[in-house]
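Here is a note for a colleague who has not yet looked at this model. The points below can be read with the structure open alongside.

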Amino acid sequence: MTGSLVGAASGGDAPGGLHERVLEWYSGAQRDLPWRRSDATAWGIFVSEVMLQQTPVARVLPVWVEWMTRWPEPTDLAADAPGEAVRAWGRLGYPRRALRLHSAAVAMTERHGGKVPMSEAELSTLPGVGAYTAAAVATFAFGERTVVVDTNVRRVIARAVTGDQYAAASPTRAEHTLATSLVPTDPDRARTWSVAVMELGALVCTARAPRCGECPISDLCRWQLRGRPAHEGPPRRGQAWAGTDRQMRGALLRRLRESPGPVPRAALEAVSDNALQRERCLDSLVADGLVEPLPRDLFQLPGSRGTS
DNA sequence: CACTCGTGGAA
DNA sequence: TTTCCAAGAGT
């Protein structure tokens, strides 16, 4: 019965199999996250999805609450300076996301009547919105039947269906086809399916130490049936950090974030003795629009008067 | 397609 | 202590 799992999923919603198990598990194990509640707005869901790109839930929570209080609608954020978005982003990492979120709010204000566009296709045109985020917002906020493929979904599919410990380094066509075949036909059921698989990957089918004893589909899992063989092939190299431009950019931006107003060049020079790298990074931050140079050797987070 | 882009907590 | 990696996107 090696094909039982895929077979049970044929058509996307065969009764009594994979879907029932996962959905039943989700109904009892799901976390109570504010952007999942019934009173969550499309804007709130949109913001949460961008913040959650490569950033853990625990770190996003307090920042998301602050953003929702300060900017309850896209028009509220659009009316504020992009630098304020960068400042309020805090230490979530990848601060260009804050800038793109602000740009997206401006686009919603100018082209979508101040609202989050409802279709996956329209969402895809917004800055900072890729395949995952467009699909996620379209289904979680608007109930459109989409194929949501994130790192959790990829890992669950790799194990349960393909039988590998980890998904490929980069998403494959076969993977997407497989994910598509698993999405239930009914849009509402598809929405719950997607969030449920993501939750399964986040809480049970984790990257390092999967809790197979708590998994609702462990007896169908091809990786489990194969004896949980270790990943084959070259080890995926981790992200270097010490001495990288990313670290330097982070240090510079932190210095700017901590000051309410413009910062003199000398203050930025105090961040690092490596002048060459420091200047290169400062230049790149300016090029990215994360830092705004002012007269008299002053620098600040981007203000509102500047044109995008 | 390969590479870059932050951050900090857990193992 | 070092390593891993978390609801990706853009180039």
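1. Is cysteine 212 buried or exposed in this model? The model is a predicted one. Cysteine 212 has a relative accessibility of 15% and therefore counts as buried, since the limit for that class is under 20%.

2. The cysteines form no disulfides anywhere in the structure. A disulfide is a covalent bond between the sulfur atoms of two cysteines. For cysteine 212, the closest cysteine sulfur belongs to cysteine 215 and is 6.5 Å away, so a bond is ruled out by distance; the cut-off is 2.5 Å. Cysteine 221 is also in no disulfide, and its nearest cysteine sulfur, again that of cysteine 215, is 6.5 Å away. Cysteine 221 is buried as well, at a relative accessible area of 9%.

3. Next, the division of the protein. Chain A is split into domain 1 (4-30 + 147-225), domain 2 (34-142) and domain 3 (245-300). Between the C-alpha centres of domain 1 and domain 2 the distance is 26 Å. Where these two domains touch, domain 1 contributes eleven residues and domain 2 contributes six.

4. DNA strand C has 28 residues around it, and those that come nearest are Leu52, Gly128, Thr133, Asn152 and Arg208. Of the strand C atoms that come within 4 Å of the protein, 60% are sugar and phosphate. Sorted by class, the surface near this strand holds twelve nonpolar, eight polar and eight charged residues. Helix 9 (131-142), helix 10 (151-162) and helix 12 (187-203) each provide at least two residues of that surface.

5. Three polar pairs can be checked on DNA strand C. Two involve side chains and bases: an N or O atom in the side chain of tryptophan 35 is 3.0 Å from a base nitrogen, and for the side chain of glutamate 49 the distance to a base nitrogen is 3.3 Å. The other involves the backbone, where a polar atom of tyrosine 132 is 3.4 Å from a phosphate oxygen.

6. DNA strand B is surrounded by 20 residues, with Arg59, Arg91, Pro95, Arg96 and Arg249 the closest. Sugar or phosphate makes up 56% of the strand B atoms within 4 Å of the protein, and bases make up the rest. The surface near this strand consists of eleven charged, five polar and four nonpolar residues.

7. Which parts of DNA strand B do leucine 92, arginine 96 and arginine 249 approach? A polar backbone atom of leucine 92 is 2.9 Å from a base nitrogen. The side chain of arginine 96 places an N or O atom 2.8 Å from a sugar or linking oxygen. For arginine 249, a polar side-chain atom lies 2.4 Å from a phosphate oxygen. Two elements, helix 7 (96-111) and helix 14 (245-257), give two or more residues to the surface near DNA strand B. Helix 14 gives the most, with six residues.

8. A last point concerns valine 65, which is part of helix 4 (residues 57-70). Valine 65 is partly exposed, at a relative accessible area of 44%. From valine 65 to arginine 249 there are 184 residues in sequence and 26 Å in space, taken C-alpha to C-alpha.

Methods
Residues are numbered from 1 along each chain as its sequence is written. Chains are lettered from A and ligands numbered from 1 in the order in which they are written. This is a predicted model: local features need pLDDT of at least 70, side-chain atom pairs count only at pLDDT 80 or more; totals for chains, interfaces and linings use all residues. Side-chain values use heavy atoms; hydrogens and water are left out. A residue is near a molecule or strand if one of its heavy atoms lies within 4 Å of it. A polar contact is a pair of N or O atoms within 3.5 Å; within protein, one must be able to donate a hydrogen and the other to accept it, and residues adjacent in sequence count only if both atoms are side-chain atoms. Helices (H or I, at least four residues) and strands (E, at least two) are DSSP runs, numbered from the N terminus. Ala, Val, Leu, Ile, Met, Phe, Trp, Tyr, Cys and Pro count as nonpolar, Asp, Glu, Lys and Arg as charged, and the others, Gly among them, as polar. Buried means under 20% relative accessible area, exposed over 50%, partly exposed in between (1.4 Å probe, protein chains only). Domain bounds come from an automatic or database domain assignment. Contact means heavy atoms within 4.5 Å.
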